[in-house]
Number of protein chains: 2
Amino acid sequence: MDDRQQAIAAAARGARRAGWVLGQISGPERRQILLAMADALERADLRAAVLRANAADVADAQAARDRGELAAALVDRLVLDDRKLVGVVDGLRQLAGQADPLGKVSVDRDLDDGLHLRRVACPLGVIAVVFEARPDAVPQIAGLAVRSGNAVVLKGGREAARTNAALVDVLRRALADQGFDPGALVLLEDRADVDTVLTLDRDIDLVVARGSAAFVRHVQQASRIPVLAHAEGICHLVLHASAEPEMAARIAVDAKCGYPSACNAIETLLWMPGAEAALDRCVAELASRGVEMRACEATRARHPGLVAATAADFGHEFGALVLAVRRVDDLTAALAHIEQHGSGHTESIVAEDEGAAAEFLAHVDAACVFHNASTRFADGYRFGLGAEVGISTSKLHARGPVGAEGLVTYRWLLRGSGQIAGDYGPGKRRFRHRDR
Amino acid sequence: MDDRQQAIAAAARGARRAGWVLGQISGPERRQILLAMADALERADLRAAVLRANAADVADAQAARDRGELAAALVDRLVLDDRKLVGVVDGLRQLAGQADPLGKVSVDRDLDDGLHLRRVACPLGVIAVVFEARPDAVPQIAGLAVRSGNAVVLKGGREAARTNAALVDVLRRALADQGFDPGALVLLEDRADVDTVLTLDRDIDLVVARGSAAFVRHVQQASRIPVLAHAEGICHLVLHASAEPEMAARIAVDAKCGYPSACNAIETLLWMPGAEAALDRCVAELASRGVEMRACEATRARHPGLVAATAADFGHEFGALVLAVRRVDDLTAALAHIEQHGSGHTESIVAEDEGAAAEFLAHVDAACVFHNASTRFADGYRFGLGAEVGISTSKLHARGPVGAEGLVTYRWLLRGSGQIAGDYGPGKRRFRHRDR
């Protein structure tokens, strides 16, 4: 390990110690820290420092955009204005108001008289989160960590480096003002530092990897630490034969155009015979908003103005105002298409037919499965989790939007009065296994 | 992929299809399969075939033991007699009687009028389990898979190959007799096949790796599939100054001698000043049962007959009648020793002092933390889970003994009436987030 790697290892160890305290204090004390973080972000001088740092990041990003090195959408996402800050502060206060996820007892059982087993929620310990250049993620993730009694090691996209540093500075100050070790909140500066973090399996309990599928795969392969993959969102919208055309078009426009680079935006529209009217309305509304549609032959037979799709367009995350469109024979074919091309994120069907909706909801194996609603609802805030550390496309531990509850584990606590396993068995004592 | 690898990939794909049906049928139907499996294992001809296969495995293992190639404890573990079979059958019937883990609703929330979110438990899909030469594991794991609506790919220790094949044959027959595809239960024959399975991340959702720490590490490194690690159990028993000597000795003997190769057996005994009487009783009782104790200098000053421990003896899984013994200054030192040397499996304290017990239970970061009880209680059956697929030393998803509940995930199902995300926000509609 070189000096830099050793410094990161030391920071992770320090985060474990500092986080341990956050896990031991009471829920109201953790709540107090969240409120202090919100207050600090409202303090005029601190807020000004954050906005100044963000202005510098944005100026650089705009220059890069003008040189053609950065997409315009990424610059928009980078901007942290007064309105976004209000949202961030509001989010921290919402988290403060949420029920404490720690100490929750999920098993409470007498194995026998005087032999009492409980399964009790506790923090994971230290969580490392690698995320894109999106400054509002910093207070969201830090807030979720405090809410769940964990320390956190953060690495954000480099375009937001100054903003993130300013935000972390404010949040660490709030921790210190409340009498806690600010070492519970660590900000990494360099992408190479992430690889160091991935080797620290004694001090990091979970890696949340947000980003491209290739990046997430790299993290999964490089690390023995469990990874919560927030990878691609290849989301489909299915127009059933019974789809109401107006509803279909409203949902398609929201799901494609509301925030095209979001992982919960749709990438493919599937329609089946009988859904022609819904398709027509969708195509008209999407076209009027500048969406490039890449369509199969059957779709182009009806809408000759659309671009011809290639096989690679299906199952591709465009992240832009581009949408693949394909006709499928029926609901079964739609389910098969989704199984083959989906990424297990969010899938939605527009249908008046309740039987078709029920079949869709029962059959699709994805984190989020919707009926007559936009895929854009797949979001921790919208789901009522207060915030999210990411949207997991993994099936293990936490799936879909991950809030504070996804950052806890549990311990089995057994209190006895001298019992031994040898006391139990055929011809001896029997377990009672009586839930309290 | 060579022919054999392709055959395994095809079997895994077939398991996914067959398992999908197990996840879709009703709880009572899954219950019926479990009862049919239990009945089949009681049928005279099928049971005879299993016992015959086991006799052949045991004969080979005994020969290997006589050549010094296999530990005697492994031969004992391999034996499947009538009594063990009764236990296995009883376990399947217990599983049949358990509450269905599928369909459980853990979030039931109106996001708004007519926008209803539920989080519903569903199977993981296909689970691969690699385990030691222990025939009773086969029906336990198969039973848990059926209970949780999953398919399973099994690879047991090669010493039990014929027994496992006979058991799987009986269980597959029961599946087929109930009208289900026996392809939901796949048995691998060769260790090399495990490496093929680890590459099938589209068709295998979870790998449960039981075995040595080195083997578990290999699986974690070789696979992008999430791994539930059932690795070492380096369990400690702490004698507090307030420990009651008789209780301490009974627990120490049970935890060391009951089943020395079990992962929940203790490897190290820690004692602190004031616990001398408890230590003396433990040493006397353990010595009389042939336990080799490797002790620190402070312990040997009191018990000069004990072997001198080396640093490597602490944090080592002996899996035999060997125990490391060390004096620590106080409870804090005991906690530090466990943090440094423990494997996060099971830790127990013997103490009459309630404050010390409470501190121990609050501080130790392990799957199972016990007070005045043997570490041997860390077991799915003893905890009332019916059976276990393993004891997880991971913190994610499932920790400690893993029953059927640990083999499920969930999906977020949202039913709307045309809502779009753009309807909500500042100055627009607000979410209600009202739990039902």
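Which residue takes a positive phi in the hairpin of E1(A) and E2(A)? Select A:Gly114: with two residues between the strands of this hairpin, A:Gly114 has a positive phi near 70°. Keep that spot in view while we set up the tour.

This is a predicted model, in which local features need pLDDT of at least 70 and side-chain atom pairs count only at pLDDT 80 or more, while totals for chains, interfaces and linings use all residues. Residues are numbered from 1 along each chain as its sequence is written, and chains are lettered from A and ligands numbered from 1 in the order in which they are written.

**Stop 1: around the hairpin**

Show E1 (105-112) and E2 (115-123) of chain A. Element names refer to DSSP runs numbered from the N terminus: helices are H or I with at least four residues, strands are E with at least two. E1(A) and E2(A) are antiparallel and share six bridges; two strands count as paired if DSSP finds at least two bridges between them. Pick A:Val107 and you will find its bridge partner, A:Arg119, in E2(A). Now add E18 (residues 434-435) of chain A, which is antiparallel to E1(A) and joined to it by two bridges. There, A:Asp435 of E18(A) sits opposite A:Arg109.

**Stop 2: the open sheet**

Next, select E3 to E7 of chain A. These five strands make an open sheet with parallel pairing, in the order E5-E4-E3-E6-E7. Strands E5 (185-187) and E7 (227-230) are at the edges with a single partner strand each, so one side of each has no neighbour in the sheet. From one strand to the next, the twist averages 15°. Angles here run from 0 to 180 degrees between N-to-C directions, and axes are lines fitted to C-alpha atoms, for helices over the stretch in contact.

Zoom in on E3 (residues 126-130) and E6 (residues 206-210) of chain A, a parallel pair held by four bridges. A:Val130 has A:Ala209 of E6(A) as its bridge partner. Helix H1 (residues 3-24) of chain A packs on the sheet, where it touches E3, E4 (151-155) and E5 and makes about 140° with the direction of E4(A). Bring up H6(A) too: H6(A) lies across E3, E4 and E5 of chain A, at about 160° to E4(A).

**Stop 3: H2 against H6 in chain A**

Keep H6 (residues 137-147) and add H2 (residues 27-42), both of chain A; their axes come within 9 Å and cross at roughly 160°. That makes the two helices, H2(A) and H6(A), roughly antiparallel. The cut-offs are under 35 degrees for roughly parallel, over 145 for roughly antiparallel and 65 to 115 for roughly perpendicular, with the rest oblique. The crossing of H2(A) and H6(A) is right-handed, meaning that the near helix is turned clockwise from the far one by less than a right angle, whereas anticlockwise is left-handed.

Show side chains for A:Arg30, A:Ile33, A:Leu34, A:Met37 and A:Leu41 in H2(A), which meet A:Pro139, A:Gly143, A:Val146 and A:Arg147 in H6(A). Residues are in contact if their C-beta atoms, placed from the backbone, lie within 7 Å. This contact of H2(A) with H6(A) has six nonpolar, one polar and two charged residues. Ala, Val, Leu, Ile, Met, Phe, Trp, Tyr, Cys and Pro count as nonpolar, Asp, Glu, Lys and Arg as charged, and the others, including Gly, as polar.

**Stop 4: two domains**

Colour chain A as domain 1 (3-231 + 393-411) and domain 2 (235-377); the bounds come from an automatic or database domain assignment. Their C-alpha centres lie 33 Å apart. Five residues of domain 1 of chain A are in contact with seven of domain 2 of chain A.

**Stop 5: across to chain B**

Finally, display both chains. In the contact between them, 53 residues of chain A meet 53 residues of chain B. E17(A) gives the most to the chain A side, with eleven residues. That side of chain A has 25 nonpolar, 17 polar and eleven charged residues. To see strands pairing across the chains, select E14(A) and E17 (residues 408-419) of chain B, which run parallel and are joined by five bridges. Centre on A:Ala373, and B:Gln419 in E17(B) is opposite.

Technical notes: Contact = placed C-beta atoms within 7 Å.
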